[in-house]
Amino acid sequence: MKLHKLLVAASIAAIGLSAALTAPAAYAAEEQFFPVLAYRTGAYAPNGAPWANGFVDYMKLTNARGGVNGGKMIWEECETAYATDRGVECYERLKGKHGGATAVQPLSTGITFALTEKAPVDKIPVITAGYGRSESQDGSVFGWNFPLIGTYWMGADVLVQHIAKKEGGFDKLKGKKIALVYHDSPYGKEPIALLQERAKMHGFELSLLPVAHPGVEQKATWLQIRQNKPDYVFLWGWGVMNQTAIKEAQATGYPRDKMYGIWWSGAEPDVKDVGDGAKGYNALAMQHGAEPNAKVVKEVLEKLHAKGQGTGPKEEVGQVLYMRGLISSMLQVEAVRVAQDRYGKGKHITGEQMRWGLEHLDLDQKKLDALGFAGVMRPVKTSCLDHMGSAWARIHTWDGKKWNFTSDWYQGDEKVLRPLVISTAGKYAEEKKIVRRTAEDCKK
Amino acid sequence: MSFFLETLLGGLMSGMLYSLVALGFVLIYKASGVFNFAQGAMVLFAALSMARFSEWIPEWLGMDNLFVANVLAFVVSIVVMFAVAWLVERLVLRHLVNQEAATLLMATLGIAYFLDGVGQAIFGSDIYKIDVGMPKEPVMVLESVFDGGILINKEDFVAAFISAMLVLALTIFFQKTATGRALRAVADDHQAAQSIGIPLDRIWVIVWCVAGITALVAGVIWGSKLGAQFSLSTVALRALPVVILGGLTSVPGAILGGLIIGVGEKLSEVYLGHYVGGGIEIWFAYMLALVFLLFRPQGLFGEKIIDRV
């Protein structure tokens, strides 16, 4: 019984201590609150944690730099474990805290789908940098979704452009076989519409191979690949599914240099344990790759990690997913700055005002360089109608030890993307009885 | 034909690995009548322990011999799994003697969540490498018989062999040793076993220790294939249809069930998957097990329970 009492007392003490440590700072009028929907536990933690670390570190860095016109960033983390129900629960719990959430970044396409209808009601922008619904680029229908600097359609488009270039032109794609190995979830299914469109245009054969969550069993998938012998494999995985795919490719003898992952399938956790087996594996870089030499990375190390104030392990700073979190955070901080330019410097920005900021982001190279992102990414310019703001990507390749850029920059082809975005968004608007925003609405 | 054989062999080798995890369920059920929902969490916990200690021990001892590090990490992990077994008996099972089976099942569900959480808290939630020298490159056989030969995954082959050896050792342990017989006696009737002097608490610790070792071997094999990370706990879900099919009380049932499920899910995915959009292997395994249950509710080798009124 003594042992039981001791355990109960220890549990109560631990709960009390953790509550004290995680208690939010008192809310001040000029502070901006951002819920952090993270996953540091569960099947996707190895990929979710570095993103969250970069995301939080940039807010810390912003505060260390003096905030946005003196206004500080505050945040509260909630564990979603990449589960849609838990993500929605986190959102509901945090959206009204500290004067209201300025914006939310769910880091899950499933959660994004669930929040898309809540956002207009709550007037909280949903930022989905590099994920979410591809048609939400159309701001006239999806007024509160911001798939900044990349959608899956744009990513798939760039991949097709890249292999066309390798083959010597789009006409050379005729008769080629491309297999899409994808996470059987809203995320994994996103590129299918664009790839089918491109397959029709260029005459390549597209085969679809879904992999059930979490993606640890892919033997049958790769046996089919071995039988069909596709010229290229596109990988749309997340978490353990990525490295399992590469290991299965090795086990079935499929050449890794014919494999191309989306930007969520091209980070260190996906390849480091495969080592030489992953040599030659390619993935899309959503502008940035691993950026250990970036100025902003050095600043994070100096101002945060050197003082013991960094988030997560120091060695991870500058890695691919850490950078993705850092950039996602930077984009929202800069949107606050833009909104403050209009609604009052140093003042608290509401969700509605934040939307205005997000629709008027104009990060030219000079601004990016000043923020420490020189060489990391290209300029971003959003509008009321274009919620993506930039459609550039490049390829990076794993050499057994690190990622190296191996292609020039590509831009998503608007001639292909735009009609698909407009028509799919139009169908959504019709189904949900949404009236498209006009130029007049955009001024508000 | 060669592709069919490749799929068949792939399924058999996967099935052998499922058997290894299913064996953990069978061992505990046979000896204590408890359906241990925490078996998957034990696999994860053991794998994390092995991966992290094989990383930490060379740092602590200032050495770089991978083999010695792995041996020491394996030994330490056995101790860790024994400690888990002792704590489970001491803190949970001892207080639930003669309780309803559902109560015990729920208790193991609690243990599963606890181990999942505490394992990640102690060892971390990243993907950790277990490098026990398993071969990664495939090999081609029967090239003279079939055009292009048949591809064999060497890693799966070695893993299946190790699993088979462990299964054999456990079968001998249960059938031929006094402790093994005592374990089976406890499973039949807790009170009757106690009345003839079988110490229930010690027997439960022993069986959870054996299940812990099985979890460790499964954790090392699966961890070597997939990396030691959270998804390993879901491997147990792959073993559930195996125990449904093979019967909860039968070691040979776990083996044959594993092989049938392994082959069934691979063949179904490859030959039927494209008719229904693919990704069917997980639910197909359950469907296969349920169809078997229609004809043999106790599983292939399970004991038929007859209650006389």
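This section describes the domains of chain A, its contact with chain B, and two helix pairs within chain B.

The structure is a predicted model. It scores ipTM 0.82 and pTM 0.87. For chain B the mean pLDDT is 87. In that chain, 98% of residues reach a pLDDT of 70 or more.

Chain A is divided into two domains. Domain 1 of chain A comprises residues 27-151, 293-390 and 423-443. Domain 2 of chain A comprises residues 152-290 and 394-412. The centres of the two domains, taken over C-alpha atoms, are separated by 27 Å. Their contact involves 23 residues from domain 1 of chain A and 23 residues from domain 2 of chain A. On the domain 1 side, the elements that give two or more residues are helix 2, helix 4 (109-115) and helix 13 (320-343) of chain A. Helix 13 of chain A provides the largest share of this side, with five residues. By class, the domain 1 side has 12 nonpolar, nine polar and two charged residues.

Two backbone features of chain A were also noted. The peptide bond from His213(A) to Pro214(A) is cis, with omega near -5 degrees. Pro214(A) lies in the loop between strand 6 and helix 9 of chain A. Asn69(A) is not a glycine, yet its phi is positive, at about 50 degrees. This residue, Asn69(A), is in the loop that runs between helix 2 and strand 2 (73-79) of chain A. Most residues other than glycine have a negative phi, and most peptide bonds are trans.

The two chains meet through 32 residues of chain A and 32 residues of chain B. On the chain A side, the elements that give two or more residues are helix 2 (45-64), strand 6 (205-211), helix 9 (219-228) and helix 10 (240-252). Helix 2 of chain A is thus listed for the contact with chain B and also for the domain 1 side of the contact between domains. The chain A side of the contact between chains divides into 16 nonpolar, 10 polar and six charged residues.

Within chain B, two helix pairs were examined. Two packed helices are described by the angle between their axes and the distance between the axes. In the first pair, helix 1 (residues 2-32) and helix 8 (residues 200-226) of chain B have axes that come within 9 Å and cross at roughly 175 degrees. Helix 1 of chain B is therefore roughly antiparallel to helix 8 of chain B. Residues of helix 1 of chain B in this contact include Leu17(B), Leu20(B), Gly24(B) and Ile28(B). Those of helix 8 of chain B include Trp204(B), Trp208(B), Ala211(B) and Trp222(B). By class, the contact has 18 nonpolar, three polar and no charged residues.

In the second pair, helix 2 (residues 39-61) and helix 4 (residues 101-123) of chain B pack at an angle of about 15 degrees. Their axes are 8 Å apart. Helix 2 of chain B and helix 4 of chain B are therefore roughly parallel. Their crossing is left-handed. From helix 2 of chain B, the contact residues include Gly40(B), Leu44(B), Phe45(B) and Arg52(B). From helix 4 of chain B, they include Ala112(B), Leu115(B), Asp116(B) and Phe123(B). The contact of helix 2 with helix 4 of chain B has eight nonpolar, three polar and two charged residues.

Key: Residues numbered from 1 in each chain as written. Chains lettered and ligands numbered in written order. Predicted model: local features only at pLDDT ≥ 70, side-chain atom pairs only at ≥ 80, totals over all residues. Axes fitted to C-alpha atoms, helices over the stretch in contact; angles between N-to-C directions. Helix = DSSP H or I, 4+ residues; strand = E, 2+ residues; numbered from the N terminus. Parallel < 35°, antiparallel > 145°, perpendicular 65-115°, else oblique. Left-handed = near helix turned anticlockwise from the far one by under 90°. Contact = placed C-beta atoms within 7 Å. Nonpolar A, V, L, I, M, F, W, Y, C, P; charged D, E, K, R; others polar. Domains from an automatic or database assignment. pLDDT = per-residue confidence, 0-100.
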